[in-house]
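User: Please take a close look at one part of this model, the first helix of the chain, and describe in one connected account how it sits against its surroundings.

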Amino acid sequence: MRIGELSRRSGISVPTIKFSLRQGLLPSGELTSSNQAACSNAHLHRLRLIRALVDLAGLSVARAQEVLGSLDSEGWRCIAASALSTVPSQ
């Protein structure tokens with residue numbers, strides 16, 4: 001999908017998506033021409049995660065970038081296992 005469709009499907013404006021790309025919060029899509037890239041559903045999920053971190057959790061863009069970097073480098077399973085280990089048993 002193109003960035004316009006990504007915007008429509010995510011509810012996030014094109015300028016905000018472009019900002020996320022420039023800041024490294026969102027990876028670039030697959031280049032389809034010299035000035036266009038195709039985005040995937042992974043981009044849509046990542047945008048929703050960014051929105052949750054910034055809008056709902058109240059993190060700064062810099063802190064959200066740190067969290068995303070940790071998720072990217074350590075992997076979801078490691079993070080989930082760590083989070084689950086801190087949940088008290090019922």
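Analyst:
**Helix α1 and its partners**

Helix α1, which spans residues 3–10, packs against helix α3, residues 41–56, at an angle of about 50°, and the two axes lie 10 Å apart. The model described here is a predicted one. Because an angle of that size falls neither among the roughly parallel nor among the roughly perpendicular arrangements, α1 and α3 are oblique to each other. The crossing that α1 makes as it passes α3 is right-handed. On the α1 side, the residues that take part are Leu6, Arg9 and Ser10, and they meet Asn41, His43, Leu44, Leu47, Arg48 and Arg51 of α3. Sorted by class, the residues of this contact comprise three nonpolar, three polar and three charged.

The second partner to consider is α2. Here the helices α1 and α2 pack at an angle of about 110°, with 9 Å between their axes. Since angles of 65 to 115 degrees count as roughly perpendicular, α1 is placed roughly perpendicular to α2. From α1 the contact draws on Ile3, Gly4, Leu6, Ser7 and Ser10, while from α2 it draws on Val14, Ile17, Lys18 and Leu21. The class make-up of the contact between α1 and α2 is five nonpolar residues, three polar ones and one charged. Leu6 and Ser10 therefore appear in both sets, being listed for the contact with α3 and again for the contact with α2.

Which residues of α1 are buried? They are Leu6, Ser7 and Ser10. When the helix is viewed down its axis, these buried residues of α1 fall within an arc of 100°, so they line one face of the helix. The general geometry is relevant to such a pattern: an α-helix has 3.6 residues a turn, so residues three or four places apart point the same way. The buried residues of α1 pack against α2, residues 14–23, and against α3.

Among the buried residues, Ser7 can be followed individually. Ser7 is located in helix α1, and its relative accessible area of 14% lies under the 20% limit, which means that it is buried. Once its neighbours within four places in sequence are left aside, Ser7 is in contact with Ile12, Ser13, Val14 and Ile17. Val14 and Ile17 also belong to the α2 side of the contact between α1 and α2. Just after α1 comes Gly11, which takes a positive phi of about 80°.

A residue of the partner helix gives a further view of the surroundings. Ile50 lies in α3 and is buried, with a relative accessible area of 7%. Not counting residues up to four places away in sequence, Ile50 touches Leu25, Leu26 and Leu68. Computed from C-alpha to C-alpha in the model, Ile50 and Val61 are separated by 8.7 Å in space, and by 11 residues in sequence.

Finally, the setting of α1 in the whole chain. The secondary structure comes to five helices and two strands, and read along the sequence these follow the pattern α-α-β-β-α-α-α. Of the 90 residues in the chain, 22% are buried. Among the contacts in the chain with a separation of 6 or more, 45% are between residues that lie 24 or more positions apart.

Technical notes. Residues numbered from 1 in each chain as written. Predicted model: local features only at pLDDT ≥ 70, side-chain atom pairs only at ≥ 80, totals over all residues. Heavy atoms only, no water. Axes fitted to C-alpha atoms, helices over the stretch in contact; angles between N-to-C directions. Helix = DSSP H or I, 4+ residues; strand = E, 2+ residues; numbered from the N terminus. Parallel < 35°, antiparallel > 145°, perpendicular 65-115°, else oblique. Left-handed = near helix turned anticlockwise from the far one by under 90°. Contact = heavy atoms within 4.5 Å. Nonpolar A, V, L, I, M, F, W, Y, C, P; charged D, E, K, R; others polar. Buried < 20%, exposed > 50% of the residue type's maximum accessible area, 1.4 Å probe, protein only. Arc of directions from axis to C-beta.
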